[in-house]
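Biologist: Hello! Could you take me on a close look at one part of this protein, the place where the ligands sit?

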Amino acid sequence: MSILIQGGTLLCPEGPLQASLRVEEEKITEIGPSLPAGDSQVIDASGKLVFPGFIDTHTHFEMNKGLPNETADGWASGTLAALAGGTTTVLDFAEPERGADMTSALDTWHRWAEGQASCHYGFHMTIKDWNPAVRAELADMERAGVTSYKVYLAYDGLMVSDGDALEEVRAVGERGGIVGCHCENGGLVNAGIAAQLAAGNLSPAAHPLSRPAVVEAEAVNRWLTIGELAGFPVNIVHLSAARSLEMVRAARARGQRCYVESCPQYVLLDDSRYCQPGFEGAKFVLSPPLRKKEDIDALWAGLQAGEIDTIGTDHCSFHFKGVKELGKEDFSKIPNGIPGVEHRPVLMYTYGAAAGRISLHQMMKLLSEQPARLFGMYPQKGALSVGSDADITILAPNTPGKITAAAQYQNVDYTPYEGMEVLCRVDTVLLSGTVAVENGMVTAPKRGRFVHRGASKFWR
Ligand code: URP
Ligand code: ZN
Ligand code: ZN
């Protein structure tokens, strides 16, 4: 069975191209100006944008499983929402308990995802402990197709020491992988929370005050120092603030190789959201918190200048009713995280490409190519190239709509983007050569497979 996508603008690695693209079995087999239909099924993409399937390298499905603060989206709903929104691969975070081995955590995450996933998936591994046994497991992880890791410089129970982080970056770097970091200074965050509570500030409005941008920027600078000393590239996840980007700029000016992820929420939503009446602000409690308009402007400028490498969502959805409400009397008890896996492509198209802030080519690089390169999937994924996997997302531009929780696939009782206008719609998605979304509706669920990843392919 082959499929011919005709008449659209292909977002190819070299730039946009008016051409046709043929898919046979699970691969892209031909790209050319006017390919004959032959006996291929024809998809008319006239006036539409054809992207390599979008990749979201930052999701948390089925997090805190079994606890009162379990995430709303599990593997079934999270990946269904991802696919409906045009994302064909997600990388989620497997997380061992402190003191437990990574292999068991990986087995658990495999068990949860297998048979449930509607898009392809892989895992980063969170490192909480550092000792000879964990170091030895890096080889097992590599054999199992896990080549990227996350460490935290904040959160009691999660954060690692600077010395351990240094060794982790070195040990992972020597194997060709990469470590990403949650950059907030944990000690200062704890002090900030204590100060707000002592002052009687108990509402969500206290959340951004307890962990201001400088607390992130310090940790970004420290993480970059760790990377420099280790002698390997590092990744900064969910960067939110202008001051943090300044640290990155300075490090790069000195010749350091480092990579930056930001997220739609940090370029679209500001900290005024925390000051809404009642408990509404809890819908926006995540860490790092939403920032100021100046930060948003700086991040868009960073995107335009190519200083930001990937856009992930940090999708970590908690129901407002009953779960965010765990922090009704004390903002520090509000589970941290917001949903977004479904809406990243349409938001980045609308407020990025269509608004003239980034080009379509940049959008393709931020949402497909660079995530695939950084996390060892390129050019199998992230490219409209002959030989690449036929994971393909077709967007229909000039199709206005509105984001609403009522219309979403995400299994959560709100969206932080409620009511926001969008200017495109996900038309068709091919997952490994099979049409899985038609007219924005998922038609072939639960066909996702594990992506066995290799070494990072650095480009800067
Ligand atoms: O608030 C957030 N971001 N929750 C998800 C976990 C993380 O730190 O990425
Ligand atoms: Zn984080
Ligand atoms: Zn996260």
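How are the donor residues of the zinc ion (ligand 2) spaced in sequence?

Modeller: Happy to, and please keep in mind that this is a predicted model. Along the chain, the donor residues of the zinc ion (ligand 2) follow the pattern K-x31-H-x55-H. In the structure these protein donors are Lys150 through NZ, His182 through ND1 and His238 through NE2, and they lie 2.1 to 2.3 Å from the ion. Lys150 belongs to strand S11 (residues 148–152), while His238 is in the loop between strand S13 (234–236) and helix H8 (242–253), so this pair ties together parts that are 88 residues apart in sequence. There is also another metal to look at: the zinc ion (ligand 3) is 4.0 Å from the zinc ion (ligand 2).

Now move over to ligand 1. It is surrounded by 13 residues, and the closest are Lys150, His182, Ser287, Asp314 and Asn336. You have already met two of these names, since Lys150 and His182 are also donors of the zinc ion (ligand 2). By type, the shell around ligand 1 divides into 4 nonpolar, 7 polar and 2 charged residues.

Some individual contacts are worth finding on your screen. Lys150 has a polar side-chain atom 2.9 Å from an oxygen atom of ligand 1, and His58 places a polar side-chain atom 3.4 Å from an oxygen atom of the ligand. With Asn336 the backbone takes part: one of its polar backbone atoms is 3.1 Å from a nitrogen atom of ligand 1. On its own, ligand 1 has 270 Å² of accessible area, and the protein covers 97% of that. The space that ligand 1 takes is the largest pocket.

Two of the closest residues, Ser287 and Asp314, also deserve a look at their backbone. As background, most residues other than glycine have a negative phi, and most peptide bonds are trans. Ser287 is joined to Pro288 by a cis peptide bond, with omega about -5°; Pro288 is in the loop between helix H9 (264–268) and helix H10 (293–304). Asp314 has a positive phi, near 55°, and is found in the loop between strand S15 (310–311) and helix H11 (344–353).

To put the pieces together, start at Lys150: its NZ is a donor of the zinc ion (ligand 2), and a polar atom of its side chain lies 2.9 Å from an oxygen atom of ligand 1. From there you can go on to His182, another of the zinc donors, and then to Ser287 with its cis bond to Pro288.

Key:
Residues are numbered from 1 along each chain as its sequence is written. Chains are lettered from A and ligands numbered from 1 in the order in which they are written. This is a predicted model: local features need pLDDT of at least 70, side-chain atom pairs count only at pLDDT 80 or more; totals for chains, interfaces and linings use all residues. Side-chain values use heavy atoms; hydrogens and water are left out. A residue is near a molecule or strand if one of its heavy atoms lies within 4 Å of it. A polar contact is a pair of N or O atoms within 3.5 Å; within protein, one must be able to donate a hydrogen and the other to accept it, and residues adjacent in sequence count only if both atoms are side-chain atoms. Accessible areas come from the Shrake-Rupley method with a 1.4 Å probe; for residues, only the protein chains shown count as cover. On a 1 Å grid over the protein atoms alone, a cavity is a set of points where a 1.4 Å probe fits but cannot get out, and a pocket is an open set with protein on both sides within 12 Å along at least five of seven lines; lining residues have an atom within 4 Å of a point. A molecule sits in a cavity or pocket if more than half of its atoms lie within 2 Å of its grid points. Ala, Val, Leu, Ile, Met, Phe, Trp, Tyr, Cys and Pro count as nonpolar, Asp, Glu, Lys and Arg as charged, and the others, Gly among them, as polar. Donors are N, O and S atoms within 2.8 Å of the metal (3.2 Å for Na, K and Ca); water is not among the atoms, so sites may look incomplete. Helices (H or I, at least four residues) and strands (E, at least two) are DSSP runs, numbered from the N terminus.
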